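Let's take a look at one metal site and a couple of helix packings. Have the sequence and the model open as you read.

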Amino acid sequence: MINKKRILVLAPHTDDGELGLGGSIARFVDEGKEIYYAAFSICRNSLEEGLSPDTLEKELNNATKILGIPPENLRLFDYNVRNFNSYRQNILEDMVKLKKELNPDLIFLPCSTDLHQDHQVIHNEGLRSFRDISILGYELPWNNLNFQTSCFIKLKEVHILKKAKALKEYKSQLHRSYLNENFIRGLAISRGVQVNSEFAEAFEVLKFIY
Ligand SMILES: [Zn+2]
């Protein structure tokens, strides 16, 4: 982390970034780092009936605002859920453009053992697009049978509270068990115990360049 100032979070779907590193984003914002957040689907096809197609876009705007990401630092794409593989080349080109536009020095993306097919596409294309940039993989335990905890970001309670508050903005998704505040807190406490901190989020080091 040390000298990293411009951070880009790659989220396959809305909420993946907040779930994987919401606490760390809150800490980065506190430390004055510049955070950009790119979501590759606003999942308009996986919403419950009766909800407006831009529901998740609005929820993402609210959630990232709580974490302290300025709205102008969001980049939204609209690929179909579970279909990213068909758009692999377009996604790669989007990432290359993001790299040119934002010139980030640290990337967060789904970890190498994530089983979700869209997450795997973002992982692989991310590694291709950001060859010369440090990359950390984030943890989404319901998608990972294995996870290499090779990096930890220590957090304070205030960061975890912000993460939980941000995730509550996903009102259309509250039936999902991983959005439960006890789970979010419990995982952060478990990761914290591993590094003698009250709370933490864990990451897989995919590439570290200093
Ligand atoms: Zn996802």
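What follows covers the zinc site and then two helix pairs.

This is a predicted model, where local features need pLDDT of at least 70, side-chain atom pairs count only at pLDDT 80 or more, and totals for chains, interfaces and linings use all residues. Residues are numbered from 1 along each chain as its sequence is written, and side-chain values use heavy atoms, with hydrogens and water left out.

Start with the zinc ion: H13 (ND1), D16 (OD), D16 (OD) and H119 (NE2) coordinate it at 2.1 to 2.7 Å. Donors here are N, O and S atoms within 2.8 Å of the metal (3.2 Å for Na, K and Ca), and with water not among the atoms, sites may look incomplete. The donor residues are spaced H-x2-D-x102-H in sequence. H13 sits in the loop between strand 1 (6–11) and helix 1 (16–30), while H119 belongs to helix 4 (residues 117–129), so the pair, 106 residues apart, links distant parts of the chain.

Now the helices (DSSP runs of H or I, at least four residues; strands are E, at least two).

| Helix pair | Axis distance | Axis angle |
|---|---|---|
| Helix 5 (residues 157–168) and helix 6 (residues 181–194) | within 10 Å | roughly 150° |
| Helix 1 and helix 2 (residues 55–67) | 8 Å | about 40° |Helix 5 is therefore roughly antiparallel to helix 6 (over 145 degrees). Helix 1 and helix 2 are oblique (neither under 35, over 145, nor 65 to 115 degrees). In that second pair, E18, G22, I25, A26 and V29 of helix 1 meet L60, A63, T64 and L67 of helix 2, with contact meaning heavy atoms within 4.5 Å.

Note on methods. Axes are lines fitted to C-alpha atoms, for helices over the stretch in contact, and angles run from 0 to 180 degrees between N-to-C directions. Angles under 35 degrees count as roughly parallel, over 145 as roughly antiparallel, 65 to 115 as roughly perpendicular and the rest as oblique. Contact means heavy atoms within 4.5 Å.
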